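Let's take a stroll around this structure and see how its chains meet. Have it open beside you as you read.

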Amino acid sequence: MARPVDSGLLAMFRSPEALLGAVDRMRELGLTALEGFTPYPVTGLPERLGARTRLPVWTFIGGCIGGAAIFGLQVYSVLLNYPINVGGRPLFSWPAFLVPTFECVVLGAALVAFFGMLIGNQLPRLHHPVFDAESFTLATGDRFYLLVGGTDSHLGIAELRKEFAELGAETIEEVRA
Amino acid sequence: MASDPPRDPPVLSPGATPRSIPAAISAIPLGPKLPRRFWWGFGFFFALTLVFLFSVTWVLVEGIGTLGLDIPAAWAFPIINTVWWIGIGHAGTLISAVLLLLRQRWRNSINRFAEAMTLLAASLAAFHPILHLGRPQYFYWLLPLPVTHMPWPQWRSPLVWDFFAIGTYLIVSLLFWYMGLIPDLAVLRDRAKRRGAQVAYGLLALGWRGSAHHWHRFETAYFLIAALATPLVVSVHSVIALDFTSAIIPGYHSTIFPPYFVAGALYSGFAMVVTIAVPLRAFFGLEAFITLRHIDNAARVMLGAGGVVAFGYVSEAYFAWYSGDEYERYMIWNRAFGDYGWLFWTMLACNVGALQLLWFRSVRRSQWTMFALAMVINIGMWIERYVIVVTSLTRDFLPSAWNTLAPTWTDFGLLAGSLGLFFALMFLFVRLLPALSISEVEELQHELKEAG
Amino acid sequence: MSVTGSARGTLRGRLETAAPARFWQVLEEVSAEGGFSHRFSAEFPEIAERLSGAVDRRTTLKLMGAALLSAGLAGCKPSKGIAPYVDQPEFTVPGKPRFYATSLVLDGYAIGVLGETHEGRPTKLEGNPAHPGSLGGTDAIVQTAVYTLYSADRSRYVRRGGQPATWGAFQAEMAELRDTYVSRGGAGLGVLIGAETSPTLARQLDALQAEMPALAVYRHSATTPRNPAVVPVYRFDRADVIVSLDADFLAEGPGRLAHARQFSDSRRVRREAAKMSRLYALEGVPSLTGVAADVRRKIRPGALDEAVSEIAAALESGAPAGDKFIAWLVADLGAAASRAVFVPPLDASLYVEATALALNQRFGAVGDRVIYIASPEIAGAPLETLVTDAESGRLEQLVILGPDVLHTAPGDLDITGALQRLARVYHHGLHVDRTARLAHWHVPAAHDLESWSDGRAYEGSASILQPLIAPLYGGVTKHQVLAALAGDFTSSAQELVRGTWPSLNDEAWFEALKSGLIEGSAAAATAPPAATSVAPATAVDGATDAVDVVLRPDPYFSDGTHAANLFLAELPRPLTKIVWGNTAEMSPDTAARLGVAQDDVVELSANGRTVVLPVFIHPGMPEGVIAVALGFGREIEGSAPIGVNAFVLARRDGGGVLSEVTVQKLDAKEHVVTTQHHHSMEGRDIVRELPLAAFPPERNEPAQPTLYPEYENPEEAWGMSIDLNACIGCMACVAACQVENNSPVVGREEVARGHEMHWLRVDRYYAGDGDDQRTLFQPVPCMQCEDAPCEVVCPVNATVHTADGINAQVYNRCVGTRYCSQNCPYKVRRFNFFAYQDFAEDNPLSLLMNPDVSVRERGVMEKCTYCVQRTRAAQIEANITDSPITDGSVMTACQQACPSRAITFGNLKDRSSAVAREKGEPHAYALLEELNTKPRTTYLARIRNAPDSEEDDGE
């Protein structure tokens, strides 16, 4: 997506359906700087907002690195750094080495997935303009917000408010960065 | 289970509305007072925690000889506890990860405390083997650290595998659990009245604001970790099983162990879920979210897993006979009729006998019966580990080395104490964090509404 | 030296808490007689200054003891004038042990040993191959003697009426005594000795009796009560039929080590020479000789005379009457070239002795398999005489050289009363025992390893005892005591002994010291005792409910002489594997009849005297017999008594068998601690046994495939072979291993919990049942598997393979998972569950430590390493001299200790090495070889040479 939208006009709806409807309407109006806030993931919303992520790729890479590193370390330690006869077993006992390797694949991948999510979402970010809006809260399970970035809007604030009102927004207020 | 037979109780009671869900769930951490019995319970388990601390200190000061250990049976209670706890530690991740991937709706309201249970159980499981080292202060020598006094870990040793498996499992479970918590922490942040709570939850919530883009990445990551945790959870108990399988002692050296241990893990894990779920819903009025349906489903999983475990017992005996190996045959005979025979029969009664009651819906749907059954199965599974770990060792290859084992008070102190610690921490978790996943229950409620 | 350093520290600690006054008195008193205070302030100047205020007597004694101890340590150097055994470096090389030949005197007879000393500390004794009493072999008592040398419970200073005195004061007392009695020709004065063969002692006694003709010499030995004038000397290696008339010649008597060697030599069945002697044994209670027998017949201990007369009659008539035993014996001896020898027990009845002699003469054994010599022992009146003399007032004052008569006197002999009647009793001994406490004077004895003395072997050869270390606790030799009595206060202990051997010029003397033997001093054969005709005693008819009690000296504690040796206390008894105590051993049938079970406590009472003992079920025992070990319950100051003193049951007329003993079950339990709990092989192929007829067996080597690579051993490839046919189960190897490798004593409770620390164990199994029940021994050290299961599972590389194929244990790296022990099919690994080693430097036992073996801390695993310190030393030597290690030049401690040469060790890469040849024998096998761990330690099957062995499947 483009720059994250963190200022503009914030409308609150009572149902995810209303929110989705509002998003569609805004897109018809050609507005792209949109951001929704919901208490739980609303199916279809990210697609409409054009959200995309490369997290799976990074996770895969993380797993590969984790596995390769530990396997390499094992091979290095038993073949090059300190070869010694342990129980008459082969120095390169690769089947035994697979277990730590697998674990480290998972570990690497999981770490990347988690921190990748945080980084991608630019979290932690303890304060955000939207928190200043009176109407904004995640406290109840039935409030769905749409934030329209005022910047690239060819509509005036007034038209936008009207639109929102028609779409059934309960509260409409401005969010300033 | 998309279309449930009408007779099945719902996964979410119809009464639950979008507004009632966060209110009810966050009432526990944010509510001013908790029922007196909560504190009675906590006090009891805290006392046991002190027993735990005392036993641990005693072992560290006096030496590992204070535990009931000898040659040949140089492993006993601590290892049994480890295997038992790690088994219990499996249900959480399974419910969260596997059922998530399988899109089982009923998971949503029980996964959170199941994950907490996993974390605590896995930590206890990780602690015991370290405590029962001869020189616990050097446990980190199992890590590939650039240290001068020893070249490397011995990668062929199952104990090194354990170290990696349990370590990874702990970290991944923690990430998974905390990640799931973030949106709910935001809810608590926004609902909290007291400043302290607002700041605390606010910091933990990392500034979550429910942005659609965030939710998108969040779900992606959540599914990715779930997908990773699924093979992981299977690998962990398989690796534990390899401690035994790759040893040559009759009774240890059995290739069936990995799958049969995983099944055992599921079995005891879900037993522990029931053990916790029943009081939780009863005491905190969460019947709306944790319904009899959950208990029922847990019971069905136990029935399946328990069946596999029973099959494990049978095949162990069968292959001992079929192998024609005199040591294997003697081992099985000794299990059933040797010094510890009574334990073997108790184990069968608990794990296979009691299990049969679960065929009856009426049993599965009566929560306190299930609670009692779960208790019995928890005990039975502990005994199973005792039978495997100790009985095999006391009678191995050379009769001259045979000996019996006498547990000491320290052993029982550790066992009871670790239970105390576990439940005390569970109480704290329930008190401080949302025991159910708010956002996921809301989502569930919404989906159900759409499904009509 | 550091030891005194920290002794100083702890002393200071004690003084802080001490109160002044009487201390100075004591010290004054002592210093008046010189010596102590100077030495003390020399050792502890700053303490001597800071000493003030009253110190209670205990502390005083502790201090003095410590001072004397540290004085001894300070003098921690071989005293001058003694000679190293082998070519020594010009000066001691630190870290290099030196070996000195000397002897230990056990039950009066010398056993030649080579003492290994490190910087002047004796740490280990090996048998002296040149000495006939050892032939290089040792037993558990010899191996653990160094413990007694250092143990802190030895007597540390002269006492007068229990109060500290000095050697000077004692000498003065002796001078007085001498003045009193020389005039009276010695009438009223007595000397009590134990079994003694020392020529010097004999010379001194003769000299004393020359000037005091009426001087009474008493002799008391609980192990050999009788002291016949003529004694037999056997050559078992020349016999092919050995008949033991309930004689335990392999484990008892001064010739036991030589007997074990000769016996095993006569039974080495190898591919080229597949012949072995046959041992018939009549046996009352199980003994090592009995279990080694090919044909055994259990008899009631009281009924030996009958059994022997039965045999004699059968041999006379030549008619194979009676049971298999007699029938086979008659058949064997009927054979033309049979070379038989009959062996009566040490305490044989006159009839048995006479019959044995007659049979030996009849079968031409005399002069070949057995010769008779004049007893090397010093004669003396028995203890009964002493008591009567004391009661009649003929005896007024008594000098006791050694024996703890209050402990070992038979219960029906009022020795305490007798001694109390005497005006003065002077006691000389290693410990402050009951006798020492009753005596008016006590003088600490020097340990054999601190002494100048001499002694004779079982066949008469004399050897010199030279001290390997200056007396640690200010002990003196018995020769010095007698010298004082003889008015000689100047001669040193060395001069006293040297004076006995004017025949030796200095060169010969030096040679004798070096070799540990005086050449050609063996006794000449004399005529056998005149044949007497005695009627066999008819055994007390065993009324079915009657119980016989057999009192036997403990195999390790003997009559109690070694009862303070904790190494011996914790060494499993050969047949029962019992540690830390004695029991009432009985067969399962007897126990059932008496209605008792293992660990029940019973009270045995015979004519008014009782002992209370726990029951131990011993399948080998004959019906209606209870065996009780003597030597326990000795009360030595500074150590708690172990077990119960059974001498109270003994009768003055000797003979260890008490009939008509009543057994009463008490309402109590006492756990009998053993190190082996299961006694059947469960039909597993563990100890292989095959009849001689089946030799050589077709060797079945299952060619087992392996996925693992071959690891090359660039230099040596160490291996071991243990001949189960030679092993007599005497446990010398286990004791040797413990001393060599600094293995700790863990105590009764720990052993009861299965925490014993012996790296090497000797397993004991029962095979067969009823009369042909057999007892099998199997020493089990680490097998040093080439594909070791223990190594694979260690997570920290703490146990790995060395270049020469040893399964090494790296203590510093061990974190103590104990997984290795779990995965060891032989369970030979031992774990430090607690801190068993006392690291306190002021603990005198730290002097016993072998500096070449690291001492293990709490929480680490340990195990047999084929004495890696010895193999490494040899390799280093070889590298320095750039010469290969010759076969047999490296011996493990167990191998070197073994009196029957059952253990072979060496380099497997050298195909001609002894161990390689042993492993090539057809009856060689690996324990649990189906596990394919490729053990480096293998066994040679035990072979049974019973006439019926054709039918015998030998299980």
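Start with one pair of side chains: B:R135 and C:E857 form a salt bridge, with 3.0 Å from N to O. (A salt bridge here is a side-chain nitrogen of Lys or Arg within 4 Å of a carboxyl oxygen of Asp or Glu.) Between chain C and chain B, the count is two salt bridges.

A word on the ground rules: this is a predicted model, where local features need pLDDT of at least 70 and side-chain atom pairs count only at pLDDT 80 or more, while totals for chains, interfaces and linings use all residues. Residues are numbered from 1 along each chain as its sequence is written, chains are lettered from A and ligands numbered from 1 in the order in which they are written, and side-chain values use heavy atoms, leaving out hydrogens and water.

**Chain C and its two partners**

Here is how chain C meets chain B and chain A. Contact means heavy atoms within 4.5 Å. Buried area is the accessible area (1.4 Å probe) that two parts lose on being put together, summed over both. A polar contact is a pair of N or O atoms within 3.5 Å; within protein, one must be able to donate a hydrogen and the other to accept it, and residues adjacent in sequence count only if both atoms are side-chain atoms.

| Pair | Residues in contact | Buried area | Polar contacts (both at pLDDT 80 or more) |
|---|---|---|---|
| Chain C and chain B | 53 residues of chain C, 57 residues of chain B | about 4,400 Å² | 34 residue pairs |
| Chain C and chain A | 12 residues of chain C, nine residues of chain A | about 1,000 Å² | four residue pairs |

On the chain A side of things, C:Y708, C:Y711 and C:V792 lose the most area, together 46% of what chain C buries there. The rule finds zero salt bridges across that interface.

**A helix with a buried side**

Now look inside chain C, at helix α15 (residues 383-392; helices are DSSP runs of H or I, at least four residues, and strands are runs of E, at least two, numbered from the N terminus). Which of its residues are buried? They are C:L383, C:L386, C:V387, C:D389 and C:A390, where buried means under 20% relative accessible area (1.4 Å probe, protein chains only). These residues sit on the same side of α15(C) because they cover an arc of only 165 degrees around the axis, going by the directions from the helix axis to the C-beta atoms. Their cover includes β14 (397-401) and α17 (415-421) of chain C. Right after α15(C) comes C:G393, with a positive phi near 80 degrees.

Conventions
Buried means under 20% relative accessible area, exposed over 50%, partly exposed in between (1.4 Å probe, protein chains only).
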